[in-house]
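Work through the exercises below with the structure open. Each task is followed by a solution in short steps.

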Amino acid sequence: MASFADYRAYVGTRTGKFYKDTLFRGDHLIVGINCLEPGQRQPLHDHADADKVYVVMEGSGYFTLGDQANEADQGEVVWAPAGVPHGVENRHNERLVLLVAIAPPPGM
């Protein structure tokens with residue numbers, strides 16, 4: 001298992017839906033990359049028993065967490081505690097790249 005990775009090797013695009021890829025999956029944590037092209041969104045959803053963290057690596061995203069909504073720019077961190085509905089959309093003209101971590105991983 002590799003312990004070092006360049007997140008840019010995991011960046012991609014998909015027509016019609018945001019792109020995602022997994023960098024690491026362990027027994028207690030999953031880390032991946034989510035890429036949203038202009039106009040794409042991750043619908044509001046929740047993880048009943050898992051916390052989620054987004055790190056904005058490139059671009060800006062409009063995040064909804066429960067009854068709060070806010071723009072987050074490159075370098076900012078957004079977290080959604082277990083059970084809190086959350087989602088993100090790219091309202092800008094450039095790709096949004098997010099490093100995403102969920103603990104524990106889904107299905108555990």
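**Exercise 1. Classify E71 as buried, partly exposed or exposed, then describe its surroundings.**

Solution.
- Step 1. This is a predicted model, so the values are computed from predicted coordinates.
- Step 2. Take the relative accessibility of E71, which is 28%.
- Step 3. Apply the cut-offs: buried is under 20%, exposed is over 50%. E71 therefore counts as partly exposed.
- Step 4. Place the residue. E71 belongs to strand β6, residues 68–73.
- Step 5. List the contacts, leaving aside neighbours within four places in sequence. E71 touches S60, G61, Y62, E76 and H92.
- Step 6. Take one of these partners, S60. The C-alpha atoms of E71 and S60 are 6.8 Å apart, with their positions 11 residues apart in sequence.

**Exercise 2. Find the salt bridges and state how many there are.**

Solution.
- Step 1. Set the criterion: a side-chain nitrogen of Lys or Arg within 4 Å of a carboxyl oxygen of Asp or Glu.
- Step 2. Count the pairs. The total is three salt bridges.
- Step 3. Start with D6 and R8, whose side chains meet at 2.9 Å, N to O. D6 is partly exposed at 37% relative accessibility. R8 is exposed, at 54%.
- Step 4. Go on to E89 and R91. Their closest N and O atoms are 3.4 Å apart. E89 has a relative accessible area of 26%, so E89 is partly exposed.
- Step 5. Add R95 and E37, with closest N and O atoms 2.6 Å apart.

**Exercise 3. Which parts of the chain does the R95 and E37 pair tie together?**

Solution.
- Step 1. Recall the pair: R95 forms a salt bridge with E37.
- Step 2. Locate both ends. R95 sits in the loop between β8 (86–89) and β9, and E37 in the loop between β2 (30–36) and β3 (41–45).
- Step 3. Read off the separation. The pair ties together parts that are 58 residues apart in sequence.
- Step 4. Check the accessibility of each end. R95 is partly exposed, with a relative accessible area of 30%. E37 comes to 18%, so E37 counts as buried.

**Exercise 4. Where is the cis peptide bond?**

Solution.
- Step 1. Inspect omega. A value of about -10° marks the cis bond that joins A103 and P104.
- Step 2. Place the proline. P104 lies in the segment after β9 (96–103).

**Exercise 5. Describe the fold and overall dimensions of the protein chain.**

Solution.
- Step 1. Count the elements: nine strands and zero helices.
- Step 2. Compare the radius of gyration with the globule rule. The chain has 13 Å, close to the 13 Å that the rule gives for 108 residues, so the chain is as compact as a globular protein of that length.
- Step 3. Add the extents. The C-alpha trace spans about 35 × 35 × 25 Å along its principal axes.
- Step 4. Turn to burial. Of the 108 residues, 34% count as buried.
- Step 5. Check contact range. Among contacts between residues at least 6 apart in sequence, 64% join residues at least 24 apart.

**Exercise 6. Characterise the surface and the charges of the protein chain.**

Solution.
- Step 1. Take the accessible surface, about 6,500 Å². Carbon and sulfur atoms account for 51% of this surface.
- Step 2. Count the charges: 9 positive and 14 negative.
- Step 3. Compare their mean positions. These lie 8 Å apart.

Notes. Residues are numbered from 1 along each chain as its sequence is written. This is a predicted model: local features need pLDDT of at least 70, side-chain atom pairs count only at pLDDT 80 or more; totals for chains, interfaces and linings use all residues. Side-chain values use heavy atoms; hydrogens and water are left out. Helices (H or I, at least four residues) and strands (E, at least two) are DSSP runs, numbered from the N terminus. The radius of gyration is taken over C-alpha atoms; the globule rule is 2.2 Å times the number of residues to the power 0.38. Buried means under 20% relative accessible area, exposed over 50%, partly exposed in between (1.4 Å probe, protein chains only). Contact means heavy atoms within 4.5 Å. Accessible areas come from the Shrake-Rupley method with a 1.4 Å probe; for residues, only the protein chains shown count as cover. Lys and Arg count as positive and Asp and Glu as negative; His and the chain ends are not counted. The place of a charge is taken as NZ of Lys, CZ of Arg, CG of Asp or CD of Glu.
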